[in-house]
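This briefing sets out selected features of the protein shown below. The points are grouped by topic.

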Amino acid sequence: MDGSGVSVEPVTSGQPGTARRMATGAVLLALVVSAFEGTVVTSAMPTITRELGGQHLYSWVFSAFLFASTVGVLISGKLADRLGRKPVFFAGMGLFLVGSALCGLSQSVEGLIAFRVLQGLGAGALQPTTLTISADLYTLRERAAVQGLFTGAWGAGNAVGPLIGGWLVMHASWRWVFLVNVPVGLFAALLLYISYRDPPRRTDVQLDRWGPVLAGSSAAMLLFSLEPGQAGLRWVCLAGALVLGTVLVRQQRGSTAPLMPMELLTDRTVLCGVAGGIAGGALLYSMAAWVPLWMTEKGGQTPLVAGVALLPMLLGWSVGSSFGVKLLVRGGMRLSAGVGFAVAATGAALLALTAALELGMFAALVSLAVLGMGLGPAASTSLIGPQSRAPWHHRGIVTSSLYATRLLGGSLTVAALALARGHFAAQFALAGSLAALVSLGLFLLAPGKAALES
C-alpha cells in the first residue's frame, strides 16, 4: 500500500493496470448482484405472498431484509477496516448466496422472512464493502470520471431486475428470482480473489461489540412498534426502542471504538450524509415496495408491467448519479443533495397526485422518472461526500455507517407506510414529505463546497 492508502497490488490509485481493472470488474458484478436482488423481488413479491398465503406479512419481507442488512452493515464496517475488505467481502457474499438459495426453497412466507434475514446479513456486509473497495481504487477526482461506470452497472442491475422478476413469475417460477443470484455472485468472488489484495491487518482498530447490538435491538423494537396489532404492545415496543436508543447514545460517548468516530460526527458533510442516507433509503425502498403493489391491486396490471413501472425511477437514478459527483465537486452537498432531494420530493408529490386522481400509467411513469432524477445525485453524493472526508483507516466504517442509515431509513419507512396500506396516495405523499424536509435542512446546513482528497 502506498501513501495514498490504496490497497490494490501491484497497482495503486492513479496507476491503471490489470489488477485494478479486474478488481473493478468484481466490484461491478457485486453491485449488479445486490442491485438486481433489490429490484427483482419487487415485481414478484405480490405473487409470492399470495402463493404462499401470507399477504398480511407483505411489508415484512422487505423490512426483514433491510433490517438485517442494517445490522450486517454495522458489524462489517469495523471488520473491513481491521481485517481488510477482502475477507469481509467473501463472508458477506457467502451469507448472501446461501440466503438466496434458501429463499428460493421457501415453503411459507414466515420461512421466506427468516431466510431474507440471512440474505440481508450477507448483503449488509457485501454492499458497503464493495463501495469501500471502489473508494480505495479511485480518488474523488477519478471517481468523478468513472462514476458513470459504477452507476451504469448499478442502474443496469436495477433496470433489468423488475423485468426479469416479472417474466420469471409469469413464465417460470418465482423461486428463480432468488436462485439466479448464485452463479453471478460466485464469479464475482472468484474475480476479486485473484485481483485484489488487502494491506496487512490493522491490529490498532478496536471493535465495539455492544454498539451494533444496541443499535440493532433499538431498530428492531422500533420496527415492531410499527407492526399493526395491539396498541398496548406497540407502545411497549416504542418505549423499549427509546430506552435502548438512550443507552446506545451513552454507550457510544464512552466507547473507545464507536460505530462512527466522534471526530467525524462534528463534520457537517458527514452529518448531512446521515440525513441524506435516511431520506434516500426512505424514498428508494418505499417506492420499490409499494409501487408494484399499487399497480397490481389498483391498476390491475401484471407483475411484468408492475416491474416496468419502476424503470423510469431506476433509470433516472442512474442518469442523475452519473453527474452527481460533478455537482458535489462544484457546489458541495448543498447543490448535489439539497437540489436532488427537492426534485425527488416533487416527483413523489406528482406520484401521490396521480394515485389520488387516477391519472393513468403515463403520469405515473413521468412522476417516477422525476423522482429518480433527483434521488440519484442526492443519495449517491450523500455517501461519496462523507467518504472523501474520511482517512483510509476510517473509510470502511464511514461507508458502512452511512449505508446503514439508508437501509434503516428504508426499513422503517416501508414498515411505517404499511400502517396506511391501501391508501397509496397517502403513502407516496408521506415519503415525499420526508424528502422535502431533508432537502430544506440540507439547503440550510450543508457545506457549499466539497473538500477534495489530496
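Isoleucine 75 belongs to helix α2, which comprises residues 58-82. In this predicted model, isoleucine 75 has a relative accessible area of 42% and is therefore partly exposed, since that class lies between the 20% and 50% limits. Its C-alpha atom is separated by 8.5 Å from that of glycine 124, although the two residues are 49 residues apart along the chain.

**Overall architecture**

- The protein contains 17 helices and zero strands.
- Of its 454 residues, 59% count as buried.
- Among contacts in the protein with a separation of 6 or more, 84% are made by residues 24 or more positions apart.
- The exposed area of the protein is about 17,200 Å², and carbon and sulfur atoms supply 68% of that area.

**Asparagine 181 in helix α7**

- Asparagine 181 is found in helix α7, which covers residues 181-195.
- Asparagine 181 has a relative accessible area of 2%, and because this value is under 20%, the residue is classed as buried.
- Once neighbours within four places in sequence are set aside, the contacts of asparagine 181 are Val33, Phe36, Glu37, Phe96, Leu97, Ser100 and Gln119.

**Helix α14 and its kink**

- Helix α14 consists of residues 324-357, and its end C-alpha atoms span only 33 Å.
- A straight helix of 34 residues would span 50 Å at 1.5 Å a residue.
- Within α14 there is a kink of about 140 degrees, and glycine 332 is at its centre.
- Glutamate 358, located just after α14, adopts a positive phi of about 55 degrees.

**The nonpolar surface patch**

- Val319, Phe323, Leu335, Val339, Val343, Met373, Leu440, Phe443, Leu444 and Leu445 make up a nonpolar surface patch of about 830 Å².
- Helices α14 and α17 (424-445) each contribute at least two residues to the nonpolar patch.
- Helix α17 gives the most to this patch, supplying four residues.
- Phenylalanine 323, one of the patch residues, sits in the loop between α13 (311-322) and α14.
- With a relative accessible area of 31%, phenylalanine 323 is partly exposed; this value is over the 30% required of patch residues, so phenylalanine 323 meets that accessibility criterion.

Conventions: Residues numbered from 1 in each chain as written. Predicted model: local features only at pLDDT ≥ 70, side-chain atom pairs only at ≥ 80, totals over all residues. Heavy atoms only, no water. Expected span 1.5 Å × (residues − 1). Bend = angle between axes of the 7 residues up to and from the residue. Buried < 20%, exposed > 50% of the residue type's maximum accessible area, 1.4 Å probe, protein only. Contact = heavy atoms within 4.5 Å. Patch = residues over 30% accessible without salt bridge, like charges linked within 9 Å, V, L, I, M, F, W, Y side chains within 5 Å. Areas by Shrake-Rupley, 256 points an atom, 1.4 Å probe, with all protein chains shown as cover. Salt bridge = Lys/Arg side-chain N within 4 Å of Asp/Glu carboxyl O.
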